[in-house]
Amino acid sequence: NQARVVIYTAAEDERIAYIQEELDSKFPDYEIVIQSLGTGQLLSKLQAEGKSSDCDIFYDLEVVNAEIILNASPDLFYNLSEYDFSIYDSSVMGYADRHHKYAVNGKTAGAFLVNTKILAEKNLEIPQTYEDMLKPEYKGLISMPSPKSSGTGYSYYNGMVTILGNEDGMKYFESLNPNIKEYTTSGSAPAKAAVRGDVAIAYGLLWQCVNYANENSDLVVVVPEQGLAFDLFTMGIISGHESKTAVKEVFTYLYNELNKPQCAKFNPDKIYNDMPDAEIPNYPESYSEITMAGLFDFEYKQNLLDQWKY
């Protein structure tokens, strides 16, 4: 069916709703189906289905997962060389000298969401640095996503190993472990737990933390000065599907026009040279970034995950 376009995505519900509405209004004659999948599900479905997939366009595929797919099936994704890659900031272009099989659609930095009410009840200070998180007084008060199941959790893990080196990075998480109440499967679960008051300190996505803090005066966002860890997400077309006019039109609109306002609304971390202003109130105007090691390297990631014991 020429006029049907199927998008597989691991994006959050509010982002999917926005994209669906924009695409439906731009292409009223096309049937645009957005299928929501978890990060791991999206990877395994694309791997299993190959070129005969129902999927035409993938959106919000974690970058290391995109590299895992390309390693096994180098021609599964359509080459996007005809699109203008000069719109991107250099910090997200560490793959472009090798291929143009995907484009970055988002960067998600991680920060801490702190429930000040719980800390005040326990007469504790608000932690400001990564080292502060190791203090014994925060025992059982912190939640983070598991690096094994969450891109957000993995980026925290990778970020600390990048800053401290492998050996001290492992020691850091050994010292942090007694303070962790729960390692969650989902990247957004710790922040939700801090909102509910189940934990005092949560590691989560910066944009989600700021949104929660905007809605609740007991919550503050801590952005450590050493810099923030981040992860990248990608979009592209399944090879062969670009021959369908509707698919090509939808992707071109997404690439050239729609993704920028999407970033401004939901994940305003810098991927474009001229990044639109964040539409989220109180979003940090700038912060330093950790220069993440092995950002595009799935073997590096696997090696780190093999060392994770919790």
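## Helix α9 and some salt bridges

Glu289 is partly exposed, with a relative accessibility of 29%. Keep that residue in mind, and remember that this is a predicted model.

**Exercise 1.** Find the salt-bridge partner of Glu289 and work out where each of the two sits, and whether the partner is buried or exposed.

*Solution.*
- Step 1: look at the side chains. Glu289 pairs up with Lys107, with N and O 2.7 Å apart.
- Step 2: place both residues. Lys107 belongs to strand β4, while Glu289 is in the loop between α9 and α10 (298-306). They are 182 residues apart, so this bridge links distant parts of the chain.
- Step 3: check the partner's accessibility. Lys107 has just 1%, and the cut-off for buried is under 20%. Lys107 therefore counts as buried.

**Exercise 2.** Compare the span of helix α9 with the expected one, then find where α9 bends.

*Solution.*
- Step 1: α9 covers residues 245-265, which makes 21 residues.
- Step 2: from first C-alpha to last, α9 reaches 29 Å, and at 1.5 Å a residue you'd expect 30 Å, so the two are close.
- Step 3: now follow the axis. There's a bend of about 55° at Leu258. A proline, Pro261, comes along within four residues after that.

**Exercise 3.** Which residues of α9 are buried, and what covers them?

*Solution.*
- Step 1: go through the helix. Among the buried residues are Val247, Val250, Phe251, Leu254, Leu258 and Gln262.
- Step 2: think about spacing. An α-helix has 3.6 residues a turn, so residues three or four places apart point the same way.
- Step 3: see what lies over them. The cover includes helix α1 (13-26) and several strands, including β1 (4-9), β3 (57-62) and β9 (230-237).

**Exercise 4.** What does the salt bridge between Glu279 and Lys265 tie together, and how accessible are its two ends?

*Solution.*
- Step 1: the side chains of Glu279 and Lys265 meet with N and O 3.2 Å apart.
- Step 2: Lys265 is in helix α9 and Glu279 in the loop between α9 and α10, so the bridge ties together parts 14 residues apart in sequence.
- Step 3: Glu279 has 46% relative accessibility and is partly exposed. Lys265, at 32%, is partly exposed too.
- Step 4: bridges can also share partners. Glu12, Arg15 and Asp60 are joined into one network that way.

**Exercise 5.** How many salt bridges does the structure hold?

*Solution.* Count through the structure and you get 16. One of them joins Asp198 and Arg196, with the closest N and O atoms 2.8 Å apart.

Definitions and conventions
Residues numbered from 1 in each chain as written. Predicted model: local features only at pLDDT ≥ 70, side-chain atom pairs only at ≥ 80, totals over all residues. Heavy atoms only, no water. Bend = angle between axes of the 7 residues up to and from the residue. Buried < 20%, exposed > 50% of the residue type's maximum accessible area, 1.4 Å probe, protein only. Contact = heavy atoms within 4.5 Å. Salt bridge = Lys/Arg side-chain N within 4 Å of Asp/Glu carboxyl O.
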